[in-house]
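Dear colleague,

I am handing over the structure we spoke about, and my notes on it follow below. Please read them with the coordinates open beside you.

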Amino acid sequence: MMWRRLLLLGGGGLLALALGVGLGRLRAPCPPAVPPPQTMPPTPTPLPLLTQGQGDNRPRWKARWSRVLPSPLSLSLAPDGGVALLTAQRQVQSLDARTGAPLWSSPPLLLANRVTAVRGGRVLAGALYNPAVQKVWVLHPKTGQPSAFALPGTLWSLMATPDGSRAFCGTSANQIIAFSLLTPQPPTTWNISALPETLALSTDGTAALTGTWLPAGVRRLGGWAYGDSDPARWQDVQVSADGATAVSLSGRLPRRSQKDLQLTGYDMDSGMRLWEKRIPGKQARVAVAADGQRIALTYLLETQRGGEARLLLLNRDGTPRGEEKGGRFFLPRLAALSALGERVTALDGDRALFVLDGDGKTRWRLALPRAAPIQETLSTTDGAFLLLVRTDGTLTLYEALP
């Protein structure tokens, strides 16, 4: 018995000795750390402003310039990024595409209310719906000095071809008149049967479409025409840059504020209606890609939960690409469509620009600075430039990145 007690005590002593050694090792002080060599901290790389969990980290837009100017009466963005505006004093100003600095200011143009910026710096100005001014001013690209082109009636619509070669004017005499901006060629006139409210042109103007009112209809100049039995309808029209595809957006009563919207696609050569689609909302915006193969549309849908925005992407034949986007928490408003339709830019309220691919998948999100609400967006037909206009007169020009 005595021998067993000594053995137990000896075993406990050995155990205590082992624990003591282990604890001693744990309590042993660590050698002092060697300080790292003194180096300059790396320059932090700014994080891209992306939609969380989406995107590919590749920027799609870059701001060129931002300026605060008095709220203009009219504003226009040229295909090469130049900006023209009409001031409250009826003076036309041309802004440099690179810096936004004023290049020139024209003499006051009495009763002018519309400007159209032309590629190369030239600007058109007119007095829409005013029978007292039956002319269009053409302002010199270097000096801003105006010359007048007489019209046979009141001006109803005014556009220039994206290549800057010709101007098109719709008048109350139910005529469309096109004249050269580069050479002294005689003008071309088309007689139509209604008021030419809107115009759309291909790059060189060889494919030209007008949307008419009283009675409503869509007509290719010198070609096919469609009428509408409802004389109260308006028709907005667009033509792809290559002149192959056209779309019209029509509705009743005040433009883009009423329901009963209709979107229609046309083949420009034959005049065939490719498809028709009813838009169950209001405040619609539509764009057709330069190659005519893709179309983007946004509109506001009224539901029991309130207004919900929708973004719809279509093929040339009217079939959808991907699922509709939008809702109560994402309020897309179409801002720009790239030349091939592979990039769609939508404004989400005043918070951000979303860039989606041709199937509606988000690729990049640009957070916008907190400032006055955005009043208007202007973009070129190829999606190369985007102009944001805020209610406090701030203009910001963005250029698309490759």
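Two strands are taken to pair if DSSP finds at least two bridges between them. Please bear in mind throughout that this is a predicted model.

With that criterion in hand, I begin with an open sheet of four strands, which has the order β18-β19-β20-β21 and antiparallel pairing. The edges of this sheet are occupied by β18 (233–239) and β21 (273–279), each of which has a single partner strand, so one side of each is left without a neighbour in the sheet. From one strand to the next, the twist averages 20 degrees. The partner of β18 is β19, residues 245–252, and the two run antiparallel, joined by seven bridges; within this pair, valine 237 stands opposite serine 248 in β19.

The second region concerns strand β3, residues 83–86, together with the strands on either hand of it in the sequence, β2 at residues 74–77 and β4 at residues 92–95. Antiparallel pairing joins β2 to β3 through four bridges, and here leucine 75 is found opposite leucine 85 in β3. The hairpin that these two strands make has five residues between the strands, and glycine 81 takes a positive phi near 95 degrees in it. β3 also pairs with β4, again in the antiparallel sense and over four bridges, with alanine 84 standing opposite serine 94 in β4. This second hairpin likewise has five residues between its strands, and arginine 90, in the turn, has a positive phi of about 65 degrees.

Is β3 covered on one face or on both? Both faces are covered, since Val83 and Leu85 on one side are buried, as are Ala84 and Leu86 on the other. Leucine 85, which stands opposite leucine 75, is thus among the buried residues of this strand.

Finally, there is the second largest pocket, in which about 300 Å³ of space lies. Its lining is made up of 15 residues, and those that lie nearest its centre are Gln283, Leu300, Leu331, Pro332 and Arg333. Two or more lining residues are given by each of β22 (282–288), β23 (294–303), β25 (332–337) and β29 (374–379). In character, the residues of the lining divide into six nonpolar, five polar and four charged.

With best wishes

Notes:
Residues numbered from 1 in each chain as written. Predicted model: local features only at pLDDT ≥ 70, side-chain atom pairs only at ≥ 80, totals over all residues. Heavy atoms only, no water. Axes fitted to C-alpha atoms, helices over the stretch in contact; angles between N-to-C directions. Buried < 20%, exposed > 50% of the residue type's maximum accessible area, 1.4 Å probe, protein only. 1 Å grid on protein atoms, 1.4 Å probe; cavity = no way out; pocket = protein on both sides within 12 Å on 5 of 7 lines; lining within 4 Å. Points joined across faces, edges and corners; volume = space filled by probe spheres on them. Nonpolar A, V, L, I, M, F, W, Y, C, P; charged D, E, K, R; others polar.
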